[in-house]
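Here are a few short exercises to work through with the structure open in your viewer. Try each one before reading its solution.

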Amino acid sequence: MHPTLTILVHAAAAAALSLGGIVGQSPALETRLLALAAGSNLPATVSAFRALEEAAPPPADLLRSSPERLDGRWSLVATVAATVGEDLAESVDSGTARASAVNASGVVVDASEGTLPVQEVDVKRRRIGNEVVLATPLGRVLLRVAGAFEPAAPPAPGTRATVSFDSLEVFTEGGGRRLLSAGWVFALGRAVNPALANGRR
């Protein structure tokens, strides 16, 4: 698994901001960013993330020209759930962004405790998944949401993906036994709120 820091800007931008392609180019900025991500100062973390992106930007058309740079399993050191289309810094300042959470088409999971969440990008299959270990009254379980992704349509930047989630599964903590499969919740959500189907939410 690749240790990295990903800012997750809502489900529809899940693949957009992974640092996999630029890690190692600006060690001082990376060290500062990782230190901030370990704390609770979300505005400072987002500012440091932006500074690193400016110093070592990913390809502008990343998902169209070299999506394989995102391929693999990524440990999410920090996540931010915000509304698609909103400026991340503005969302943080206004308080609408939520730190340490994974958001899949309105299914929001707190990822602030315990094991770091994992994001898996399978470029060949055009699939992306998020995994979070949760403590429940019955013990610790692994929650996994997944779906198909594609580069967002212009004028969105080529680093943004639109994700259509279709799978929600709960496993024993090690992932050995599936306890629940409820992908239908995403189909129901899109039926009730069509904006979820076109990447606007």
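**Exercise 1.** How many residues does the largest nonpolar core have, and which residues have the most contacts inside it?

*Solution.* Keep in mind that this is a predicted model.

Step 1: the largest nonpolar core has 18 residues. Inside it, Val121, Phe149 and Leu168 have the most contacts.

Step 2: look at where the core comes from. Two or more residues are given by each of α3 (62-65), β9 (139-151) and β10 (161-172). The top contributor is β10, with 5 residues.

Step 3: there's also a second, separate core of 6 residues, and Leu36, Ala44, Ala48 and Leu52 are among them.

**Exercise 2.** Leaving aside neighbours within four places in sequence, work out which residues valine 121 is in contact with.

*Solution.* Skip the neighbours within four places in sequence, and you're left with Leu70, Asp71, Gly72, Trp74, Arg127, Ile128 and Phe149 as the contacts of valine 121. Phe149 is a name you've met already: like Val121, it is listed with the most contacts inside the largest core.

**Exercise 3.** Find the aromatic pair, describe its geometry and decide whether its two rings belong to buried or exposed residues.

*Solution.* Step 1: the structure holds 1 aromatic pair. Its partners are phenylalanine 165 and phenylalanine 186, with 5.8 Å centre to centre and 35° between the planes.

Step 2: classify it. Planes under 30 degrees apart would count as stacked and over 60 as edge-to-face, so this pair is tilted.

Step 3: place it in the chain. Phenylalanine 165 sits in strand β10 and phenylalanine 186 in helix α5 (residues 184-192), 21 residues apart, so the pair links distant parts of the chain.

Step 4: check burial, where the cut-off is under 20% relative accessible area. Phenylalanine 165 comes out at 0%, so it is buried. Phenylalanine 186 has 2% relative accessibility, so that one is buried too.

**Exercise 4.** Which residues make the nonpolar surface patch of about 370 Å²? Is tryptophan 184 buried or exposed?

*Solution.* Step 1: the patch is made by Trp184, Leu188 and Val192.

Step 2: tryptophan 184 belongs to helix α5. Its relative accessibility is 57%, so it counts as exposed.

**Exercise 5.** Locate serine 66, then say whether it is buried or exposed.

*Solution.* Step 1: serine 66 lies in the loop between α3 and β2 (72-76).

Step 2: its relative accessible area is 11%, so serine 66 is buried.

Step 3: leaving aside neighbours within four places in sequence, serine 66 is in contact with Pro59 and Asp61.

How values were computed
Residues are numbered from 1 along each chain as its sequence is written. This is a predicted model: local features need pLDDT of at least 70, side-chain atom pairs count only at pLDDT 80 or more; totals for chains, interfaces and linings use all residues. Side-chain values use heavy atoms; hydrogens and water are left out. A nonpolar core is a set of buried Ala, Val, Leu, Ile, Met, Phe, Trp, Tyr and Cys residues joined through side-chain atoms within 4.5 Å. Buried means under 20% relative accessible area, exposed over 50%, partly exposed in between (1.4 Å probe, protein chains only). Helices (H or I, at least four residues) and strands (E, at least two) are DSSP runs, numbered from the N terminus. Contact means heavy atoms within 4.5 Å. Rings of Phe, Tyr and Trp (its six-membered ring) pair if their centres lie within 6.5 Å; planes under 30 degrees apart count as stacked, over 60 as edge-to-face and the rest as tilted. Patches are made of residues with over 30% relative accessible area and no salt bridge: like charges are joined within 9 Å, nonpolar side chains (Val, Leu, Ile, Met, Phe, Trp, Tyr) within 5 Å. Accessible areas come from the Shrake-Rupley method with a 1.4 Å probe; for residues, only the protein chains shown count as cover. A salt bridge is a side-chain nitrogen of Lys or Arg within 4 Å of a carboxyl oxygen of Asp or Glu.
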